[in-house]
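Reader: Could you walk me through this structure, one question at a time? I would love to see the reasoning behind each answer.

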Amino acid sequence: MKGGVGKTTLCIGIGEYLANYEGKKILLIDLDPQFNTTQSIMDLVNQAEEYMNDYRHRITIRKIFEDTKTISERPKIPSVSEVILKFESEPNIDLICGTIDIIKDDTSNKSLYKRLNKFINEHKLKELYDYIFIDCPPTISFYTDAALFASDYYIVPAKIDRYSILGIRLLNTVISNLMYDEELEITPLGIVYTMRRQEETMKTGEIRWRFEQNKDVAQMGIFSSSTFIVNDLMVGYQGNIASKYSKSREDIKNVSEEFLSRISQISSIKDDLDE
């Protein structure tokens, strides 16, 4: 995996579209030290100052991963109100804020990466929300493991370039190892091409063709919908929400509807196998 592929834009874009155009109740979890999801939502709800002056000091993702001070202490899962922010202006979008300060945390206790999953399960968040989206770092890390361990599905954003196959291979290896070690089932929803140009050059077409011949790529599958370069969205002219721009609104609508369709298809297959 690598940065610069529109990961956060895609995560927020699908979540916001489902919340405001499909009436879904959405929880966004920001596990990336760059905390771009948090910045985008704070901008959306006009609470950037509240985040800087208040939220980042007391109500962020760090609370979930806090370790005990002594061996005799029992770990404690924080309450929902200690971690999840709600907004009057966006009643269908809740947020667990990210913070750059997680880079200072001691993650040597590897068992802590299960805490996010425990938090979700103990508070029955999958019953409270239609979908929970986790924006994780673009690198293999403690927080990537935490996001994967708490997930039922994953989406891979990818630009059409020569480095994408290596990223897919690394991600596939990490997920396969985690599934084996923890006896998990994490289902790929597919790869979404992001930041495409409207006119594909011959060279780009060749790179895409080679990419799609890779067995790891074929195993994950590729969305038929893509997102295209929209300069105003890339520079955040009106924020980092795809539906706010006419040129990217149709892209995120198509990707979101395909997301729902793929979830539905996979759920139906699982139900048939369970019967």
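Reader: Which residue lies over the face of phenylalanine 223?
Author: Happy to start there, with the reminder that this is a predicted model. A charge counts as sitting over a ring if NZ of Lys or CZ of Arg is within 6 Å of the ring centre and within 35 degrees of the ring normal. At 4.4 Å from the ring centre of phenylalanine 223, the residue lying over its face is arginine 262.

Reader: Thanks! How are the rings of phenylalanine 65 and tyrosine 143 arranged, stacked or edge-to-face?
Author: The count of aromatic pairs comes to 10. In the pair of phenylalanine 65 and tyrosine 143, the ring centres are 5.6 Å apart and the planes stand at 80°. Planes over 60 degrees apart count as edge-to-face. The angle of 80° therefore makes this pair edge-to-face.

Reader: How many residues apart are phenylalanine 65 and tyrosine 143?
Author: Phenylalanine 65 sits in the loop between helix 3 (48-58) and strand 2 (84-85). Tyrosine 143 belongs to helix 6 (residues 142-149). The pair links distant parts of the chain, and the separation is 78 residues.

Reader: Are those two residues, phenylalanine 65 and tyrosine 143, buried or exposed, and which aromatic cluster holds them?
Author: Phenylalanine 65 and tyrosine 143 are both buried. They join with a phenylalanine in one aromatic cluster, made up of Phe65, Phe142 and Tyr143.

Reader: Let's turn to helix 8. What is its reach from the first C-alpha to the last?
Author: Helix 8 covers residues 202-213, which is 12 residues. At 1.5 Å a residue, the expected value is 16 Å. The reach in the model is close to that, at 17 Å.

Reader: Within what arc do the buried residues of helix 8 fall?
Author: Gly205, Ile207 and Phe211 are buried in helix 8. Seen down the helix axis, the buried residues line one face of helix 8, because they fall within an arc of 160°.

Reader: What covers the buried residues of helix 8, and which exposed residues does the face turned away carry?
Author: The cover includes strand 5 (153-158), helix 7 (164-182), strand 6 (187-193) and helix 9 (215-220). The face of helix 8 turned away from its buried side carries exposed residues, namely Met202 and Trp209.

Reader: On to charges. How many residues apart in sequence are the parts tied together by lysine 25 and aspartate 94?
Author: The whole structure holds 16 salt bridges, and one of them joins lysine 25 to aspartate 94, with the closest N and O atoms 3.7 Å apart. Lysine 25 lies in the loop between helix 1 (7-21) and strand 1 (26-30), and aspartate 94 in strand 3 (residues 93-96), so the parts tied together are separated in sequence by 69 residues.

Reader: Of lysine 25 and aspartate 94, which is buried?
Author: Buried means under 20% relative accessible area. Lysine 25 has 23% and is partly exposed. With a relative accessible area of 1%, the buried partner is aspartate 94.

Reader: What is the distance between the closest N and O atoms of aspartate 152 and lysine 126?
Author: Aspartate 152 lies in the loop between helix 6 and strand 5, and lysine 126 in helix 5 (residues 125-128), so their pair ties together parts 26 residues apart in sequence. Aspartate 152 is partly exposed at 35%, and lysine 126 is partly exposed at 41%. Their salt bridge brings the closest N and O atoms to 3.1 Å.

Reader: Which residue meets glutamate 200 in a salt bridge?
Author: Glutamate 200 is partly exposed, at 34% relative accessibility. Its partner is partly exposed too, with a relative accessible area of 23%. The two side chains meet at 2.9 Å, N to O, and that partner is arginine 208.

Reader: One last topic: which residues are linked with arginine 62 in a network of salt bridges?
Author: Arginine 62 lies in the loop between helix 3 and strand 2 and is partly exposed at 27%. Leaving out residues up to four places away in sequence, arginine 62 touches Thr99, Asp101, Ile102 and Asp105. The salt-bridge network links arginine 62 with Asp101, Lys104 and Asp105.

How values were computed:
Residues numbered from 1 in each chain as written. Predicted model: local features only at pLDDT ≥ 70, side-chain atom pairs only at ≥ 80, totals over all residues. Heavy atoms only, no water. Phe/Tyr/Trp six-rings, centres within 6.5 Å; stacked < 30°, edge-to-face > 60°. Helix = DSSP H or I, 4+ residues; strand = E, 2+ residues; numbered from the N terminus. Buried < 20%, exposed > 50% of the residue type's maximum accessible area, 1.4 Å probe, protein only. Expected span 1.5 Å × (residues − 1). Arc of directions from axis to C-beta. Contact = heavy atoms within 4.5 Å. Salt bridge = Lys/Arg side-chain N within 4 Å of Asp/Glu carboxyl O.
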